[in-house]
Amino acid sequence: MREVFLIIAPLFFIIFGAAFLRYINFIKEDWSENLNQFVLKIGLPLLIFTSLAKTTFSLSTELRLILINFAFIIFVLILSYGIGHIFRLTQELRDTVIVCLMFSNVAYLGIPLLTSVFDNTILPQLSLIVAVYLFGLFGIGVGYLELTRRTSTTSVVKTIVKILCTNPMLIAVFCGILISVLHLPIPTILNTAFTMLVASVTPVVLIIIGVFIGQSTRGNLRDWYPVAIFSFASLMILPALFYFGLIFFRIAPSEHVLSILESAMPLGVTPFALADQYKLDKNFIARSIVLSTTFAILTLPFWITFLR
């Protein structure tokens, strides 16, 4: 576990270093928005595209991977919806918990962290897992939020299709798979340029997470109690359910280590971006990102060591 901790420690050093610089106002607020646009529209899509374009796919293996992760997302949706009703949460908090549990930081933190622990050969598999989570959040998650707030099913479908068809990372997944299936080579000049841009992705996404943490609201101590419960559930209980669920269905967890580790990632920043539009609890999301990312320094080395 110590060895794994030392591997991922530099990533969290960058995150919390950026958080401190934002806290003392050395880094300005507009850094996050500008850097995020680069990563969302150029950096991560290129990383996903290049990794998939150079891969030879096995339909049975990839389909199994996709279906297992998709089934887990559906399970999380049903579980969180049931918990919301059992504990009689307000609609705002119930919808917040549903969206947050469905979307951990599988792309911004998951990709750089897991490639640091393993190597870049896992990128194609990681890219497919990220695609499933993106489809789960923007397809199923946003679809649920739209249905609870609109009466027209047609408008809901249009909204979901528009979001899915304009998401840069999903477009990168489809283009990368298409290039791979058609065996089309990427010109050397483009490949070199893409490689240079992709190399900048990891430090930039870590800085973005840190800047967000540095400018998040603090609140009172009692405001953090439900956040702590949520963070423990997302970092420990959900991956445990994934692990034992695979065993229950007689599927070897060793074949889906990356999927389990992605389910153990802390909360990502995407739900925060959806908060205003769908009237979610913005303070709960912000605090959950801060606390779950902090706890992840300990929980991720545990899961990586346990699964390896």
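**Exercise 1.** Work out in which order the elements of the chain run from the N terminus on, and how many helices and strands the chain has.

*Solution.* Begin at the N terminus of this predicted model and note each element in turn, which gives the run α-α-α-α-α-α-α-α-α-α-α-α-α-α. Then count by kind: the chain has 14 helices and zero strands.

**Exercise 2.** Decide whether the radius of gyration of the chain agrees or disagrees with that of a compact globule.

*Solution.* Start from the length of the chain, 308 residues, because this number sets the expected value for a compact globule, which is near 19 Å. Next take the value of the chain itself, 19 Å, and conclude that it agrees with the expectation. For the dimensions, note that the C-alpha trace spans about 55 × 45 × 40 Å along its principal axes. Finally, turn to burial and contacts: 51% of the 308 residues count as buried, and among contacts with a separation of 6 or more, 85% join residues 24 or more positions apart.

**Exercise 3.** Describe how helix H4 and helix H11 cross, and which residues meet there.

*Solution.* Two packed helices are described by the angle and the distance between their axes. For H4 (residues 91-102) and H11 (residues 225-248), the axes come within 11 Å and cross at roughly 35°, and the crossing is right-handed. Now list the residues: from H4, Val-97, Cys-100 and Leu-101 meet Phe-230, Ser-234 and Leu-238 of H11. Sorted by class, this contact holds five nonpolar residues, one polar residue and no charged ones.

Note on methods: Residues are numbered from 1 along each chain as its sequence is written. This is a predicted model: local features need pLDDT of at least 70, side-chain atom pairs count only at pLDDT 80 or more; totals for chains, interfaces and linings use all residues. Side-chain values use heavy atoms; hydrogens and water are left out. Axes are lines fitted to C-alpha atoms, for helices over the stretch in contact, and angles run from 0 to 180 degrees between N-to-C directions. Helices (H or I, at least four residues) and strands (E, at least two) are DSSP runs, numbered from the N terminus. A crossing is left-handed if the near helix is turned anticlockwise from the far one by less than a right angle, and right-handed if clockwise. Contact means heavy atoms within 4.5 Å. Ala, Val, Leu, Ile, Met, Phe, Trp, Tyr, Cys and Pro count as nonpolar, Asp, Glu, Lys and Arg as charged, and the others, Gly among them, as polar. The radius of gyration is taken over C-alpha atoms; the globule rule is 2.2 Å times the number of residues to the power 0.38. Buried means under 20% relative accessible area, exposed over 50%, partly exposed in between (1.4 Å probe, protein chains only).
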